[in-house]
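Open the model in your viewer and keep the sequence panel visible. The tour goes from one selection to the next and says what is there.

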Amino acid sequence: MTRSATLLTIAALLTASSAGAANKYAGEFLTHGVGARALGMGSAFVAVANDATAGYWNPAGLAGLVGEAVHLMHSETFGDVVNYDTGAYVRALENESAFAFTVVRLSIDDIPFTDFEESNGRIYYDATRITWESDSEAALLLSYARPVSDRMDVGGNLKVISKQIGPNSCYGLGFDLGARYEVLNSLTLGANIQDVTTTFLVWDTKERERIMPTAKVGVAYVREIESMDGRVVLAADADFRFEKRWMADEYHVGDVTFDTHYGLEFSYRDLVAVRGGLAMGQLTAGAGIGIGGFLVDYAYGKHEYLDSSHRVSAAYVF
């Protein structure tokens with residue numbers, strides 16, 4: 001019953017979106033996050049952003065990375081209702097600059113599309129008028145970052161979006177801008193303005209949608225604990241939107257809404273890590289292990305109403 005209710009809710013939202021009535025949720029599939037490490041930390045990663053997933057969280061975090069890295073993630077979101085997969089590749093360039101590309105894909109199968117007849121105000125059920133469709137949404141992020149001073153890095157994304165709902169499809173193009181500033185050796189500030197110029201999606205039905213800018217800001221504190229051969233990372237983020245998303249986001253002040261994220265990570269000799277956090281008030285947890293250049297991470301996400309989510313990611317640094 002939970003799966004059926006979830007599918008029907010998603011179908012209603014997708015139908016509204018295709019009609020151009022849900023602009024404020026047009027880019028919702030891009031809010032799920034990338035990488036089990038960050039997701040286990042409550043998605044508080046804008047100021048941390050120091051691995052292959054930085055192209056998504058904050059492209060400025062790519063600056064200063066060494067060598068090359070490949071990252072893959074699979075997520076079973078809300079049980080097995082939503083399939084969510086990501087991939088990323090990062091390559092360091094000269095002068096501490098870096099290039100990366102990130103792929104994000106979300107898909108939902110077996111969504112019931114109905115076309116029931118109505119007579120005298122009554123709708124009559126007819127199984128032959130139900131068609132089962134799929135939703136597929138994908139984005140490619142091309143990222144570049146470089147340092148502009150000893151303490152500040154900047155970066156940006158060129159973002160290409162493709163969506164298909166049943167027989168209809170759309171495409172869009174957008175840009176993100178990010179920055180990281182090292183206030184102290186242990187304290188970093190981060191900001192990522194997603195869809196900074198507003199991203200327009202054009203459907204084959206001639207309908208148009210807009211993905212409005214989102215301002216993601218964060219702070220991260222890192223402390224070495226020599227007595228335990230470990231390191232602690234504390235992080236906090238806030239995502240600000242300006243679309244009157246009063247029912248979807250945690251807090252609002254007038255037309256501005258925002259979500260909060262808090263995360264904690266303890267790593268031992270860069271071999272084993274444990275994590276916890278809060279994402280919009282929902283509990284997250286995770287763990288990771290590193291052997292040589294291989295990294296494997298797991299994240300758990302609790303939801304108040306839907307099934308829990310499980311994310312597994314793997315990376316190789318070379």
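How many residues lie between β16 and β17 in their hairpin, and which residue in the turn has a positive phi? Two residues lie between them, and methionine 280 has the positive phi, about 55°.

**Before going on**

This is a predicted model, in which local features need pLDDT of at least 70 and side-chain atom pairs count only at pLDDT 80 or more, while totals for chains, interfaces and linings use all residues. Residues are numbered from 1 along each chain as its sequence is written, and side-chain values use heavy atoms, with hydrogens and water left out.

**Whole protein**

Show everything as a cartoon. The protein has three helices and 19 strands; these are DSSP runs, helices being H or I of at least four residues and strands E of at least two, numbered from the N terminus. Of the 318 residues, 44% are buried. Buried means under 20% relative accessible area, exposed means over 50%, and partly exposed is in between, with a 1.4 Å probe and protein chains only. The accessible surface comes to about 16000 Å², and 60% of that belongs to carbon and sulfur atoms; the areas come from the Shrake-Rupley method with a 1.4 Å probe, and for residues only the protein chains shown count as cover.

Now colour by pLDDT, the predictor's confidence in each residue, from 0 to 100. The mean is 88, and 90% of residues reach 70 or more. Confidence is highest in strand β9 (residues 187–194), at 98, and lowest in helix α1 (residues 2–18), at a mean of 44. Select residues 4–22: the pLDDT there is below 50, and the stretch has 27 contacts in the model beyond near neighbours in sequence. Contact means heavy atoms within 4.5 Å. Where pLDDT is low, the predicted coordinates should not be read in detail.

**Strands β16, β17 and β18**

Select residues 272–301. β16 (residues 272–279) runs antiparallel to β17 (residues 282–291), and eight bridges join them; two strands pair if DSSP finds at least two bridges between them. Valine 272 stands opposite isoleucine 289 in β17.

Eight bridges also join β17 to β18 (residues 294–301), again antiparallel. Here alanine 287 has tyrosine 298 in β18 as its bridge partner. β17 and β18 form a hairpin with two residues between them, and glycine 292 in that turn has a positive phi of about 65°.

**Strand β1 and its partners**

Select residues 68–77 and show side chains. Ala69, His71, Met73, Ser75 and Thr77 point to one face and are buried, whereas Glu68, Val70, Leu72, His74 and Glu76 point to the other and are not.

Add β2 (residues 82–92), which pairs with β1 in the antiparallel sense over 10 bridges; methionine 73 stands opposite threonine 86. Then add β19 (residues 309–317), joined to β1 by eight bridges and also antiparallel. Alanine 315 in β19 is the bridge partner of histidine 71.

Just before β1, pick valine 66, in the loop between α3 (54–57) and β1. Is valine 66 buried or exposed? Valine 66 is exposed, because its relative accessible area is 72%.

**The nonpolar core**

Next select Trp57, Leu62 and Ile161, which touch the most other members of the largest nonpolar core, a set of 44 residues. Strand β3 (residues 98–114) gives the largest share of this core, six residues. A nonpolar core is a set of buried Ala, Val, Leu, Ile, Met, Phe, Trp, Tyr and Cys residues joined through side-chain atoms within 4.5 Å. Leaving aside neighbours within four places in sequence, tryptophan 57 contacts residues including Phe45, Val46 and Asn192.

**Two buried charged-name stops: lysine 159 and arginine 241**Lysine 159 is in strand β7 (residues 152–165). Its relative accessible area is 3%, so lysine 159 counts as buried. The side chain of lysine 159 makes polar contacts with the side chains of aspartate 176 (3.1 Å) and aspartate 195 (3.1 Å). A polar contact is a pair of N or O atoms within 3.5 Å; within protein, one must be able to donate a hydrogen and the other to accept it, and residues adjacent in sequence count only if both atoms are side-chain atoms. Not counting residues up to four places away in sequence, lysine 159 touches residues including Leu30, Leu140 and Gly172.

Finish at arginine 241, in strand β13 (residues 230–241). Arginine 241 counts as buried because its relative accessibility is 8%. A polar contact of 2.9 Å links its side chain to that of aspartate 259. Among the residues arginine 241 touches, not counting those up to four places away in sequence, are Thr31, Thr214 and Asp249.
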